[in-house]
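Notebook open, structure about to be loaded. I want to look at the ligand site first and then at one of the sheets.

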Amino acid sequence: MCHCARLSACCVAIVFSVASIAAQTGVQTSAQTAPPNPYALVRPSPTLARHAMVVSIHHDASDAGVEVLKAGGNAVDAAVAVGFALAVVYPQAGNLGGGGFMLIRMKTGEAHFLDYRERAPAAATAGMYLDAQKNVVPELSTVGYRAIGVPGTVAGLVYAEKTYGRLTLAQVMAPAIRFASQGYILPEEEARTLAAAKNLAQFPESRRIFQRDGNFLKSGDHFTQSDLAATLKRIAVDPASFYKGPMAAELAASIQKGGGLLTTADLAAYQVKDRAPLTGSYRGYQIVTAPPPSAGGIVLIEALNILSGYDLAKMGDRSPQQVHVITEAFRRAFKDRADYLGDPDFVSMPIQQMASPAYAAAWRKSIDPLKPSPSATLTRPAGFLPPPPATPRAAAHESTETTHFSVVDAEGNAVSSTTTLNGLFGSGVTAGPLGFLLNNEMDDFTAKPGAPNMYGLIQGPANAIAPGKRPLSNMTPTIVLKDGKVLLVLGSPGGSTIITTVANDIVSILDNSLNVQQAADAPRFHHQYLPDVLQVEKSFPQPVLDALKASGYAVSRINEVDEKNPGVWGDSEMITIDPNSGTLLGADDQRHKFGKAAGY
Ligand code: DON
């Protein structure tokens, strides 16, 4: 396996010391008066490249992006290549049968947010996951055919390539086709995930792909996917037939055979949305991020607006005081998520008001400097937002079954993209003859107002199921600019923790002066309003947690480490650009060991 270690020669042009890299990023002025930062002292250096960089969770996918860049492709060509490659080499989340978002920022300043989120089939109804007593039926929205939304990924990647790429679809799909037909070596961590995939084991078509003689593939196995290779080749030649034509017919038939709702008409009606990104500012940097149907961007901007009134650097990186005010900002922004957000094509939302600095200032006044504000009694400042459609409630769970990748090309075009099947291997269902997994994105809708979804998120009527509607997402592909130039490209998987991971990373870099690698590896914390619990990764410092507990927080640390619970949240996939030298600095998140920041 050519997994380029961070300091090895295959993708690193030059290695600077941590201190010189921090200086290069040009973002550490506010921390010069801050206490020494423990995370800056002990963590490693980023991967550096002169011209272009691709960061993803899988080394083969990152290399595929670089291959396409070197063949004359731009950042969008590379991103499309990575997206298709991940569908082969990272089947738990990379996908053809799911959906995603791609944030594109061209060197001209033009920015686009491609929304290829799944949609509810036309036959879907608001109460489709409830029993006769109106209780949510366990697993109906998460496992099997009924959980499947109309996939958007193929439409999205093809639209991106044709509209903003420069090469042909066949060129950018070539690495994925190669990985599927010639195979790749299954990493140890992936084999462990596979072994625990109970949903896959339930479906014969999935067992046929992922098992040999009744056992899941093992670490080091050579994994070829001939059905998937054939499907990729068909897409490369005639992408439209995935939605209208023979492939659409095969896909719909395979889902209907299992009792799913998806029809050829649903596939024919699927449309990518090329939306305007949401923008905000933080400490003089411009934040370009995900608009609805993601909750990610607005929750991020709202939280950062609240935090802009505090000198976080002076408080100290991950000090009890810093974690406290950040947590309180998360709590407030997530309360608004729960009450207001859904698909913008179906519901109207007070996005502009939620993003206003005056609203953030009013929220800030409600934060006690010493103790948490219980979520149960938290009251929204009056006079800013219209009354919400309803008040739901809930409990939490994190997982890492989505994936993000970031790309910057030699001309300065940037792409930040997050893609998902939702849960681990999605619904567990493989589209019969086509050889790819299908999502369980329907669980991101409100199955019942107030009932928690897979991530413990409470969901209101704004996110109720309706035919053709997109479920509310957390995915937060983001690009941070300084003086109109790209400084940081980032995003992560992790359900509701996606938003707080992106916020943690932005604060780590802009306030705490960590370099991009240190920021990726630093321990994260999360609060989502309900449940009223401050959640932290296993590496979060215990004395800080003790102090927060003493101030009144209910805390939860991921202590148990096994294949279902690695004690960490999703990998951040980040690139920064040094504003002075133009050097690219990539973070190869150490939570998972088979990712790569690849550049040249
Ligand atoms: O769109 C969403 O918010 C979820 N479907 C994302 C799922 C996810 O991140 C899974 N785990 N990492």
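Looked up Glu-441 first: one of its polar side-chain atoms sits 2.6 Å from a nitrogen atom of the ligand. Note to self: this is a predicted model, so I'm treating every distance here as computed from predicted coordinates.

Next I checked the ligand's oxygens. Thr-402 puts a side-chain N or O atom 2.6 Å from an oxygen atom of the ligand. With Gly-495 the contact comes from the backbone, where an N or O atom is 2.7 Å from a ligand oxygen. Then I asked how much of the ligand's accessible area the protein covers. The ligand has 330 Å² on its own, and the protein covers 100% of that.

I also pulled the list of neighbours. The ligand is surrounded by 17 residues. Glu-401, Thr-402, Glu-441, Asp-444 and Ser-473 are the closest.

Moved on to the sheet. I found three strands in an open sheet, ordered β18-β19-β20, with mixed pairing. Which strands are at the edges? They are β18 (525-526) and β20 (555-557), and each of them pairs on one side only.

Then I zoomed in on one pairing. Strand β19 (residues 534-536) runs parallel to β20, and three bridges join the two. I picked Gln-535 and traced its bridge partner in β20, which is Ser-556.

Last lookup was what packs on this sheet. I got helix α20 (residues 542-550), which touches β19 and β20. The helix direction makes about 160° with that of β20.

Terms used. Residues numbered from 1 in each chain as written. Predicted model: local features only at pLDDT ≥ 70, side-chain atom pairs only at ≥ 80, totals over all residues. Heavy atoms only, no water. Pairing = 2+ DSSP bridges. Helix = DSSP H or I, 4+ residues; strand = E, 2+ residues; numbered from the N terminus. Contact = heavy atoms within 4.5 Å. Axes fitted to C-alpha atoms, helices over the stretch in contact; angles between N-to-C directions. Near = heavy atom within 4 Å. Polar contact = N/O pair within 3.5 Å; in protein donor to acceptor, adjacent residues only side chain to side chain. Areas by Shrake-Rupley, 256 points an atom, 1.4 Å probe, with all protein chains shown as cover.
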